[in-house]
Amino acid sequence: MDQERNSAASNEVDLALDVVEILEKFKSLSDSPDEGGNVYEKVEHLKSQFYRAFNACKAGADEAKVQQLAGLEATFKELYSAYRRDRKMQLEDIEKVKEENYAAKLQIIEELKSLLEKAEDVNHTFPEFRELQNRWKSIDMVPQAKAKSLWETYQHYVEKFYDYIKINNEFRDMDFRKNLEAKTILCEKAEQLAQDTNVVNAFRELQKLHEAWKEVGPVAKECRESVWERFKSATSEINRKHQLYFEQLKVAQKKNLEDKVALCEKAEEIAGCCPDSSGEWNELSKKMDALQAQWKNVGFAAKKENQKIYDRFRAACDKFYNAKREYYSNFKNVMLNNLKLKEDLCQKAEALMLSEDWKKATDQFISLQKQWKQIGPVARKQSDIVWKRFRAACDAFFENKSKHLDEVDEKYGENLSKKMALIEEVKQYVVCEEKERNISAMREFQNRWNAIGFVPFKEKEKVQKEFNDAMDAHFADIRSLESEKKLNKFRRMVMEVKNSGKGDRGLKFEREKLLLKYRKMEQDIATLENNMGFFAKSKNADSMINELEKKIAIAREELARIEEKINIIDSQFE
């Protein structure tokens, strides 16, 4: 439990650091000049990150942490309000400048009108016209609502100047060529933007190119359509990609919302559980932590849904962690009761540790060990003490039992000699061409082996392996055939049942019997593996552990045979 609390505290510290780090980034970013609206987008993104980290840190925080977070939030709100005020003033200043630019461009149009009245004096009017154009280009943005009408009016008088002024061909052609060069460059830039993978940035930059296009004067009539079509083609491609990007973004946001709804449902299901043990709480905590990790990897939903779905998920998490805190606040009494139960088991183990009724006492110790595992945790300062007491009693008994078995092993020397002699006999056997004679010899060797009594425990695995290797060397094909015969016999039985009046019902009955046996075998294996954890890692305990590992290996082989029989029955239903 302490480990879990430490882990939770560590997560809170990390989250708190995230909140402070985001706050520092926000301070730095809010002081930066906003070029093209980029700062505004980043500020809003940081705001979302701040409250996500803030809410995550606040969940489960103690009173001191909550007060600390409240101070950080107040600082953030103050900085954000200051940024909004500054941005508002900046936007107002921009609009004021735009109105001034609008007035300046209107003045240029009026001067252009006046210039048309004396257009016949080429030597004076063309330089003035060029100066007006340069002034027009040097003036920045105007209000969006007036931009189109203003540009059309300006373009009208520019074209009127070129159409009606009696300018010589040299000046006009020179201007046309210069304008064509400028528009060609704009076409090339637009075509490069059409290849840009950042479609949002490409679309934004395209608007600047269109503004620049409007500022460039006309080109020769024979080039007007082609250069415009080139520019328009790149524009269409950028617009198409921009539209496709937002269509795909909409689909992705819809998928993200669906994924987040699914995570909310899982979180709400977990929050609705009522565990009654520390282990169950820990298991549910892992699941909830996994959901939170998945949530971080899911992208944003649509803006109007994103905050709602986050609030729903946060509410489920808060409900779960609040219930968990309440459980552990009442856990002290539970741990005291667990300590009493474990002390009772220690007394029982200590009463049994000198018993020489090996079979009965072993079963009782195994039962005590199972009971120990079923009891929940105790306070950490008592946990090691009571565990070492219980473990000492278990170790004392099993060490005595191991010594006893070692003494018994000394009586098995003769059996070991017999089995070693039989192994040599198997090795000397010459396989003949008569199949039945070989089968008979194989069975005789196996029966004689089984008839010989126990051997010393420490030699059991080694001598058994030597016998198996010798038998496999001479009778591997026959033994495999015997196994296949048994499976064929089982297949014939399955077909008989299927073709009988019982039909599928009979097969299902046979399958259920095998399935019950399979599950029982799985439980036996789990019990054997569980018991291995209670043996001391001493020299005398190694033989007991090896015996359990042998039993587990045999059980797994039997489990595989049962599974193969179940698969044979299942094949009849395909």
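Q: Where do arginine 391 and aspartate 395 lie, and how many residues apart are they?
A: Both lie in helix 13 (residues 380–409), 4 residues apart, about one turn of the helix. A helix here is a DSSP run of H or I with at least four residues, numbered from the N terminus. This is a predicted model, in which local features need pLDDT of at least 70 and side-chain atom pairs count only at pLDDT 80 or more, while totals for chains, interfaces and linings use all residues. Residues are numbered from 1 along each chain as its sequence is written, and side-chain values use heavy atoms, with hydrogens and water left out.

Q: What makes the contact between arginine 391 and aspartate 395 a salt bridge?
A: The term requires a side-chain nitrogen of Lys or Arg within 4 Å of a carboxyl oxygen of Asp or Glu. The N to O distance of arginine 391 and aspartate 395 is 3.5 Å, so the pair meets the rule. The rule gives a count of 24 salt bridges.

Q: Why is arginine 314 called buried or exposed?
A: Buried means under 20% relative accessible area, exposed over 50%, and partly exposed in between (1.4 Å probe, protein chains only). Arginine 314 has 11% relative accessibility and therefore counts as buried. Its salt-bridge partner, aspartate 318, has a relative accessible area of 25%, so aspartate 318 is partly exposed.

Q: How do you know that glutamate 111 and arginine 135 link distant parts of the chain?
A: Their side chains meet in a salt bridge at 2.8 Å, N to O. Glutamate 111 is in helix 3 and arginine 135 in helix 4 (residues 122–138), 24 residues apart. Glu111 and Arg135 also belong to a network of salt bridges with Glu131.

Q: What puts the buried residues of helix 14 on one side or on opposite sides?
A: The buried residues are Asn415, Leu416, Lys419, Leu422, Ile423 and Val426. They cover an arc of only 125 degrees around the axis, which puts them on the same side of helix 14. The arc is that of the directions from the helix axis to the C-beta atoms. Glu414 and Gln428, on the other side, are exposed.

Q: Which residues touch the most other members of the largest nonpolar core?
A: They are Met288, Leu291, Trp295, Phe313 and Phe320, out of 22 residues in that core. Helix 10 supplies the largest share, 9 residues. A nonpolar core is a set of buried Ala, Val, Leu, Ile, Met, Phe, Trp, Tyr and Cys residues joined through side-chain atoms within 4.5 Å.

How values were computed. Helices (H or I, at least four residues) and strands (E, at least two) are DSSP runs, numbered from the N terminus.
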